[in-house]
Amino acid sequence: MLTICQEILDQIAAHAVTHYSDEACGFLIGEKGQDSVTEFIPVRNVYDEMRAKYPETYPRTAKTAYLIDPREHRRVFDDAARDGREVKAIYHSHTDHDAYFSQEDRLVAAPWGEPNYPGVSYIVVSVWDGRLKEINEFSWDNAKNDFVQRKLT
């Protein structure tokens, strides 16, 4: 489980509320070997752009789905590593839904039953009617072979 200061939680919440009624997304960065977060990096949700190009592959909209540009995704991981840091969490929001880890979220995070990014948590922010409702963290538990939830707000 991560240690995330209130200032960064506020930044995440503000980003999610600003982008309501679409899902928002980003990354949390911290020092290697530490469980604390030192930086929030918001990124664009490109789901609707991909939907316009490939509607059969991306049938939903940014109101119910998020997609991070894979080049930006790689850049954030590479920049963090170059600076001696690492990605601690990937965040996205749910609009007018609770901050749960959906089946789709699990499939993307662990498509073969184990996490794509071991040690990286997932932060889900719930925004209802343009207002923050809750923020939860989901991290991989090896003993349970599943993600476990922790309430952050």
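Where does glutamate 31 lie? Glutamate 31 sits in strand E1, which covers residues 25-31. We will come back to this residue after a look at the whole protein. Please keep in mind that the model is predicted.

## The overall picture

The protein contains four helices and six strands. If you follow the sequence from its beginning, these elements come in the order α-β-β-α-α-β-α-β-β-β.

A simple check of overall form uses the radius of gyration. A compact globule of 153 residues would have a value near 15 Å, and the protein has 15 Å, so the two agree. The C-alpha trace spans about 40 × 35 × 30 Å along its principal axes.

What share of the 153 residues counts as buried? The figure is 44%. Contacts across the sequence tell another part of the story: among contacts with a separation of 6 or more, 61% are between residues 24 or more positions apart.

On the outside, the protein exposes about 8,400 Å², and carbon and sulfur atoms supply 49% of that area. The protein carries 18 positive and 26 negative charges, and the mean positions of these two groups are 1 Å apart.

## Aromatic rings

A pair of aromatic rings is described by the distance of the centres and the angle of the planes. How many aromatic pairs does the structure hold? There are nine.

One of them joins phenylalanine 101 and tyrosine 122: the ring centres are 5.5 Å apart and the planes meet at 45 degrees, so this pair is tilted. The pair links distant parts of the chain, with the two positions 21 residues apart in the numbering. Phenylalanine 101 is in the loop between strand E3 (85-95) and helix H4 (103-109), whereas tyrosine 122 is in strand E4 (residues 121-128). Phenylalanine 101 is buried, as its relative accessible area is 6%. Tyrosine 122 is buried too, at 5%.

Tryptophan 140 and phenylalanine 147 make another pair, with ring centres 5.0 Å apart. Why is this pair called edge-to-face? The planes are at 80 degrees, and an angle over 60 degrees counts as edge-to-face. Phenylalanine 147 has a relative accessibility of 7% and counts as buried.

These residues also belong together: Phe101, Tyr122, Phe138, Trp140 and Phe147 form one aromatic cluster.

## Two residues and their neighbours

Now back to glutamate 31. This residue is partly exposed, with a relative accessible area of 36%. Leaving aside residues up to four places away in sequence, glutamate 31 touches Ser36, Thr38, Gly84, Arg85, Glu86 and Lys88. As for the aromatic cluster, one of its members is phenylalanine 138. The C-alpha atoms of glutamate 31 and phenylalanine 138 are separated by 19 Å, and the two residues are 107 residues apart along the chain.

Phenylalanine 77 is found in helix H3 (residues 70-82). Is phenylalanine 77 buried or exposed? Its relative accessible area is 14%, so phenylalanine 77 is buried. Leaving aside residues up to four places away in sequence, phenylalanine 77 touches Phe27, Val87 and Tyr117. Phenylalanine 77 and isoleucine 29 are 48 residues apart in sequence, while their C-alpha atoms are 9.0 Å apart in space.

## Backbone details to look for

Most residues other than glycine have a negative phi, and most peptide bonds are trans. A few places in this model depart from that pattern.

Which residues does a cis peptide bond join? The bond is between tyrosine 20 and serine 21, and its omega is about 20 degrees. Serine 21 has its place in the loop between helix H1 (6-19) and E1.

Two aspartates have a positive phi. Aspartate 96, with phi near 55 degrees, lies in the loop between E3 and H4. Aspartate 129, with phi of about 50 degrees, is found in the loop between E4 and strand E5 (131-141).

The table below collects relative accessibility for some of the residues met so far, along with the class of each.

| Residue | Relative accessibility | Class |
|---|---|---|
| Phenylalanine 101 | 6% | buried |
| Tyrosine 122 | 5% | buried |
| Phenylalanine 147 | 7% | buried |
| Phenylalanine 77 | 14% | buried |
| Aspartate 96 | 27% | partly exposed |
| Glutamate 31 | 36% | partly exposed |
| Aspartate 129 | 59% | exposed |

Technical notes:
Residues numbered from 1 in each chain as written. Predicted model: local features only at pLDDT ≥ 70, side-chain atom pairs only at ≥ 80, totals over all residues. Heavy atoms only, no water. Rg over C-alpha atoms; globule rule 2.2 N^0.38 Å. Buried < 20%, exposed > 50% of the residue type's maximum accessible area, 1.4 Å probe, protein only. Contact = heavy atoms within 4.5 Å. Areas by Shrake-Rupley, 256 points an atom, 1.4 Å probe, with all protein chains shown as cover. Lys, Arg positive; Asp, Glu negative; His and termini not counted. Charge placed at Lys NZ, Arg CZ, Asp CG, Glu CD. Phe/Tyr/Trp six-rings, centres within 6.5 Å; stacked < 30°, edge-to-face > 60°.
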